[in-house]
Each structure stands twice: as structure tokens, then as C-alpha cells.
Amino acid sequence: MVDAVEEYAIFMLDPDGRVATWNEGAERIKGYAEDEIVGQHFSTFYTDEDREAGVPASNLDAAMEESWVEDEGWRVRADGSHFWANVTITAVRDDDGTLQGFAKVTHDMTDRRERERELRRERDLNEKLLQTAPVAIAVYDSDGELLLSNRRTRDVFGLPESGDVDDLHDADRWDVYDAEEKPLPADELPPARVLESGEPVVNDEIAIDPPDGDRRWFRVNAVPLFDAEESVDRVVVAGEDVTELKRRERQLRRQRDELESELGEVFGRVSDAFFALDEEFRFTHINERAHELINPEDRELVGESIWDQFPKATERLFKPHYERALENQETVSFEEYYPEPLDIWFEVRAYPSETGLSVYFRDISERKQRERELEESERRYRTLAEHFPNGVVTLFDHDLEYTLAAGQGFDRIPVDPEDLEGNSFRDAWDEETVDTLEPAFQDALDGEESTVELEYVDREWIFQAVPIADERGDVFAGMTMAIDVTEQKEQERALEQYSEYLDDVIDGIDDLFYVLDSDGGLRRWNESLADVTGYSNAEIDSMDALDFFEEDAETIASAVAKGFEEGGVIVEADLVTNDGERIPYEFSATTVENPEGDTVLAGIGRDVSEQKDRERELTKYETIVETIEDGIYVKDEDGYFTMVNDAYAEMTGYDRDELVGAHASLVVDEATIGDSREMLSGAALEDGDEPTMEATLRTKDGGAIPAEGTFASIDTDDEREEVGVVRDITERKERRRKLEESNERLEQFAYAASHDLQEPLRMVSSYLSLVERRYADELDDDAEEFIEFAVDGAERMREMIDALLEYSRVETRGDPFEPVDLEAVYEDAIQDLEVKIAESDAEIEAEPLPEAYGDEGQLRQVFENLLSNAIEYSEEGPPQVDVGAERDGEMWIVSVSDDGIGIDPEHADRVFEVFNRLHTREEHDGTGIGLALCRRIVERHGGEIWVDSTPGEGSTFYFSVPAQGEDND
């Protein structure tokens, strides 16, 4: 059956939203063959915008949560064309509630949508439908003026049948309140809100106190009608008197299609034209009215095949619909045209049975001719019906026998539609319900409308009965609508909370929201305006827009005028707060029409202080880029320059225009380009400084310049670009060469000086020792003491010369850097100091030490000097020394702590200078070079050394060494 349906695309989705089945209607509407689409995700049918907005996923989520979801919007065919679709997605679950997939039904509504857009330009109302509608209906123009009202409206407001429309304009005679019974101003009434927003107002509840003081409640729906320019031209307002009942229009809207279908069934059953067909589609009966319509030549039809007698029916909807009705045993109804010789439009209703079909039909040719005239009326009727709530709808005749029953409300009561159709009203309901509702049924048959509120199966219902009359005004049937209003109060509270939420959203926006009239007066603003400016709401109420500006007031006045003239404006100005602070703001506004019909300027103001700061920073950086002497360039991922500064152009000898757009190989070789890319890639994976390398630049005149480049990458909207800062290091290279030569000469001098100086010192020491031995008997105590001083001085001079020599050779005589186990280095230092540690009874504790990168011998010298000093400068008692290490990025921080005499903080830097002693030699022995040597060694390793100390409490010396790296020697 589904495969035979061509008017609808009906197919199944698996739980992931992929197409599982496909019918002919789907192929016709969407253009995909079954083997092309099965297995594809159903989001294929949605536009790019809907997919980006997550509409397919949200539709499936809604279907899973609510069991089904209905949506309308643009969909995409296989050939890329778009069509307007009405889509219903129903979740399919097994008995235990497990989701099995989704049933999806799509109807191509493109023609209907286009027709509705054309009909929207029409203005005429069908007076008959308007006047007989069971709700109060009024029509307003774009200025909010009442144009038309129906009889029900006049009944509601107690106006005479012949009264003038202006009788409804005396608004002061009625007090209007919202659902919370708060006074409702005119600009918040449904017509005014629709005029302002262009959006319909649905199920608004208001209360009206007429002059007689009897308050009446209404549920109001207001919808806009648009002109050719898509501007609101009219507003149709439908108000249902719910003083004793509260209608749920939304539920009735969902029943629109079922109600129209069942009404068609009623009209079909009372039609005079009828024939019956057997299973072979042969006529078994045909009445007189049918002969008049389809057999004017009075042929003998009984026993004949309908397809033989009416061959053109096989080319129309008649054949497929009759076959479907008989095959699926389902009632079908449709409208179709039969060409010459009949030339008649038919409205057909076919009822299947096990033995054939019963077909009721009538001539609707005249109606078709009138359809263009009636389409506007039908559209307005449909607009009203769409806003009726769901419930139970029935038709009944003068014997109070149900001829039709339908509606989703049957899901909530222990009665099915088939329990009503064909049965008497009195037999269908319990005695209490019959007693309650029967007067309303009788009123409808008497031509009166009535409404009853009742409770049935623990739910509250609003019941309305209305008469159905023919063109002569004779009542031939009645219609009832019963609406479940049990959840209404919860919905009212939810709606109220949502309204408050929207207000809170506007007030919660950090940006300024405002509405201005043409004079610059503030009509509305959010809380942010008060928060930012420091004015109270009462103060703002007495101000206009220009009061918030000083020097920029004229700019704002011009912008407001421009906004009203051109429909929108964007302007920047300094907002002045109550305490005089100036804040740069960007204001963007657009003209809209308020409920009173006045054009106002609504907009947002955004603090652009940070943007202004960034612009100033950008200007500063642009100035720096163009004024610094270093060359700066930017190149794309393919190696082409996108920007160079003047210094870079001057360095290479090219004009800027020659470089921009040129490949970097113009000035450097490909190896250099590749190295820089590798360095950038490595830097991206590490958290360190920007990579730096040296290379040679080729100038325009063929020369070569040694240069040092530092690189970084920046991400733009489209790609990653490389930024480089290039410096001419010709002079630095020359200075380095000279410095290396000078250091080499200095080292040679130091070695020679130490050798030449130590020889006289050895001679002095030797001769003094010889004097002491040879003339020992002749020397008095003073002479011996003098000789001892001289020998000791010479020895100390020798030690200082050795220390100076070692200090001068730190850079030149060190070993290459390699991984070093600091634990082993520490143990070697402890072994070298074994005697001193034993003599002082020192206690040295060390945490596990890591592996570093450096010169093992020099690092052992640092440990020995720091540990020796910790022991030397201890207080009374055994020295306590602690050694530890902590990771800091790419470096290890090693610490040596003691409990000694400490160092005054003001001398914390002096202790690392050559020959800078804080104590006399009598107090503490030493050359004064040990800590200076430590600093020289640590600096060679790219690290630092420092001390934290408190006099009398001890000192902690820290030094940093690389955790890993390349040879820095």
C-alpha cells in the first residue's frame, strides 16, 4: 500500500536516521531511485543551512521525546532543486519501548505555499463564513484601526446588530487584563503585538471588564496578513469566549485535517448520487441522481465494468483510488475531473466492503468555478481553524445520532470513534453526561450555540455545540467540539515563565538594548544601560539619547536622523557615564514599527574599549615594524612573501613590491627554507622560545649578507603563515672573530703569566725555607714568624694564580656537553671532600638527583665548591647540608642548603664576584674565586646561580643546568 502511494513520500529510517525503505511517492517527490538512497542519512534531503543548524538531529530528538514531530521547510531533491515540504516523523518502538526506527511522511507543499503567498494579497473577507463563525472575529488595518467584526463579536460586546464598527473603538469603556489579571495596556494587546512583530499571537488569554462590570475571559489568536511587499497589511483576531470554558486552540489545529476529512464524509453520505461496484468493478446498483450526472444517455450500466463504460476514468484518480480502497479496505475521498463528454468535477467518497465499493459523489463543477473567489475565505477559515486546540469533534443529525466522530481526544477517554458513529447520543454516554450535554445538542438543532464545562474520566473538558445550516439557513445538523483543558493551567504558567524569561534575556544582555523615537527619546532600554551609565531607571526615563554624550552628541543626533531616513545606521561614539567616565561604544540600530504604528529605532550598543585598545596596539606594532632596523617578513605556507618591511627590502636590495608575491628562494637557498620549516614544526610541538638560525641572504646585486633569523608561526583565517625577524650580523660576526682571537691571546697570556709568576713564587718560597733551615739558630721568634708569613703569602699567591688560570679556562678548556648523571657527579664530589667532611663531622643528605646535560668535570667542580663552602661557613657544631633538585621547564634547579652563618641579602650578588670576600682570612680561609668560578661554569651551561640567605640561619645556593639539549660548547 505504501509503495503505491505517489502523492506522499513514505519511508522508514533506522534509529541512526538512515533510509531503510523507499516508496514510489518518495522517488517522485525527491528524485532518488531506491538503490541510490537506501542506506543514506536522511539529512541528505535538508538544505545546507538546516544541516548546519542541526535541524535533522533536532527533529529526530523531538520525535523520540514526543513520539512524533511535524515540520515544514525547504527540502532538496536529487537534482539539487528545492521544494517546500510538510514532514511528519514518528518514532517506531517495539512492545518494550525500544526504538526501532522512524516513519517519515513528506508531502510536497510547494504549490500550496505559492498559492497562499498570492492569496495573501487579497483583502476581501467572506462575510458569510465570518458571520457564522462560532468565535468573535475582528479585522484591523496596518494602523490598528478596526475594519470589520462579525456577529459573534457584537454579541460578546453587547452591540446592536446594525451598530457601526466605531462602536468598538471606545476602549476606555472596557478594562483589559492579562492572564494574571494585571492591567494590559493598549500596546500589549494581541493586534498591536502582531503589527509590531509580524508574528502571530497564539492562545493569548485576556480578561475584559465591560461597563456592566461582568468580567469575561477570552482566548485570543491574532494572525497577520501580508501584502505583496511582505508587510503586515491586516490583522485577523479571533477571540473565543472562555469565561465558563477555556479553549485549547492548538489541539483543534492538529485536528484540522481529520475534521475536514470527516466533514467531507458527512457531505458524501448525504449526497444523492450513488453507485455500487462488485469486486470486479462492475456496477451492481446506480441511483437516479448518479444516472443524471454520469449516464444522461440512460445506458444500461448494471453488470458492466466501470472502466469499459468510462475509459477515461482509468487515466484519472478514479482507478487508483478505487483499487486502493478495495485492496486496503480503507475509505478514500478525493476530487477529480472527468473530461468530455461529461466535463464535470466530482467530489467522491468510496467506502469498501468485502464484496465491493459503495461510491457517493456529487457535481462540484460550480464550486470549482467559485473556488478562486472562495479561496480567500477558505484561507481565513483555515487560519482560524489552525489555532483551535485539539480535542473530540462530532457531527450529529436531528435524531441526535452521530454521523461522524474524530479527534486525538479519544486517546484520553474510554470511548472509540466507532462507538459513536451510527449510534444515538443518549446510548453513547453515561446518564450524568447525557443530562449535562443534551440541552446543548438541542440548542444547536434550534440554531443556537452553547458551551458547557464538564468533568469526564477525571479530566476537565470544554464542550461547544454549534448548528450547521445550508445556504437557505435551515439547520440540518450540528457539530460539537470537546477540548481537554486539564493541563491548561500548567501551560499558562509555562507561558508566563517563558515571557518572564524573554524579559530576563533582554535585561541579561551585557550589551545595551534601546528603542528611540524620532526625537531621540528613549522608549525602552534594558538593565545594562543603567548598570553601565550609573543612572537609575527613573533618571533614564527623563533623559533622551543625546544626554549620554558630550562632544559626540552632534554625531549621535546625525546618526539618529540617518537611521530614520535610511532604515538603519551604525555609529561609534563615547558614552559618558554618570560619574564622567567615557566609554567607546558602537551603536547599531534598525527602524521598526511599534504597536502604535510609529516608526522607532531599535538597536544594540556594544562596548568597543578592547577593540579600540587592540587597534591602538596594532598601530603601535605597525609603527614598530616599520621603524626598527631589523628586517621583518611574512610568508605563506607555500613560501611566498605576503609582507616585508622597509628594513628587509633595504637589507636585500629589492623594492618591497618586488619581494611581495615572490618566493623566498629569491633571497635564501632551499636548504635554509627547509630548515626553517622543520624548526617551526618542532617549536609547535614544544613550549619554548621561537627558533633561531643563521643563514646567508642573497642581495639583488649578487652579494651575500650573514643574517640571523628568528621565526614564529601565526594562524590566519585561511592558513598558517611564517613570521621572521632578520638581523644583519656582519658586524657581530666580525666582533665574534675578534673576540675569539682576543680570548685565545688572553688564554695564552694567562697561561704564560701563571707559569712566569709561579716560578718567582717558588724561588721565594724555596729561599725562605733555606734561610729558615740554615739560620734557624740565629733567628729570633719574630724572624721565624716573618718567614712563616712570607711563605704563607707566597703559597696563597700560588693558589690564587691557579684559581685565576682555572677561571680563565672555563670557556675554552671545558669538555663537550653530554648527558651527565648528577647523582654520580655528587658522589664524586663527596669523595673528593671526604677528609674535610670527616674533620668537620658534617652531615650531608641528598635527594635522588636527575640526569642533566653538560660538562661532567665542571659540574663536579660546582658541587665541590658549594659543598666545601657549606661546611666552611657553618656555625658551631656539625654542619648540616641538604642537596636537592627540581624540574623547571627545560632546566633542572639544583639546591645546596646549609645551617651556617648566612649572608646579608645586600651582599647576595657580591659573593659571586672575583676576589670579593665577606670575611678575613683569619676567619675563613679561601681564595675568593670559588663562587665566581661556579657562576662562570653555570653560565657556560646556559643557567643561573643565586643565593637565598638569612644571617645566622643559613644559606641556600641554587644553580640551573639543562635537562637536555644540543652541545652548547
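E650 is exposed, with a relative accessible area of 70%, and makes a handy place to step into this predicted model. E650 sits in helix 23, which covers residues 646-652. If you look for E629, 21 residues away along the chain, you will find its C-alpha atom separated from that of E650 by 9.9 Å.

Let us step back for the overall view. The chain has 969 residues, and 41% of them count as buried. Its secondary structure comprises 31 helices and 37 strands. Among the contacts with a separation of 6 or more, 51% are between residues 24 or more positions apart. Toward the outside, the chain exposes about 52800 Å², and 45% of that area comes from carbon and sulfur atoms.

One piece of that surface is worth a visit. Y498, Y501, V505 and I509 form a nonpolar patch there, with about 370 Å² of accessible area together. Y498 belongs to helix 18, residues 488-508. Its relative accessible area is 48%, so Y498 is classed as partly exposed. The spacing of the patch members along the sequence invites a general reminder. An α-helix has 3.6 residues a turn, so residues three or four places apart point the same way.

Now move along to a pair of helices. The axes of helix 30 (residues 856-872) and helix 31 (residues 930-940) come within 9 Å and cross at roughly 145°, and the crossing is left-handed. Helix 30 brings Q858, Q861, V862, N865, L866 and N869 to the contact, while helix 31 brings G930, L931, L933, C934, I937 and R940. In helix 31, the buried residues are L931, A932, L933, C934, I937, V938 and R940. After helix 31 comes G942, with a positive phi near 75°.

Helix 29 offers another contact between parts of the chain that are apart in sequence. S840 lies in helix 29 and is partly exposed, because its relative accessible area is 22%, while the cut-off for buried is under 20%. Setting aside neighbours within four places in sequence, S840 is in contact with I871, P878 and P879. The last of these, P879, is 39 residues from S840 along the chain, yet their C-alpha atoms are separated by 7.1 Å.

Backbone torsions give us a final set of stops. Most residues other than glycine have a negative phi, and most peptide bonds are trans. With that in mind, look at D841, where phi is near 55°, a positive value in a residue other than glycine. D841 is found in the loop between helix 29 (834-840) and strand 32 (843-846). With 51% relative accessibility, D841 counts as exposed, because the exposed class begins over 50%.

E181 is also not a glycine, and its phi is positive, about 65°. The loop that holds E181 runs between strand 7 (175-177) and helix 8 (190-197). At 47% relative accessibility, E181 counts as partly exposed.

The last stop concerns omega. E340 and P341 are joined by a cis peptide bond, with omega about 15°. You can locate P341 in the loop between strand 13 (332-338) and strand 14 (344-353).

Terms used. Residues numbered from 1 in each chain as written. Predicted model: local features only at pLDDT ≥ 70, side-chain atom pairs only at ≥ 80, totals over all residues. Heavy atoms only, no water. Patch = residues over 30% accessible without salt bridge, like charges linked within 9 Å, V, L, I, M, F, W, Y side chains within 5 Å. Areas by Shrake-Rupley, 256 points an atom, 1.4 Å probe, with all protein chains shown as cover. Salt bridge = Lys/Arg side-chain N within 4 Å of Asp/Glu carboxyl O. Helix = DSSP H or I, 4+ residues; strand = E, 2+ residues; numbered from the N terminus. Buried < 20%, exposed > 50% of the residue type's maximum accessible area, 1.4 Å probe, protein only. Axes fitted to C-alpha atoms, helices over the stretch in contact; angles between N-to-C directions. Left-handed = near helix turned anticlockwise from the far one by under 90°. Contact = heavy atoms within 4.5 Å.
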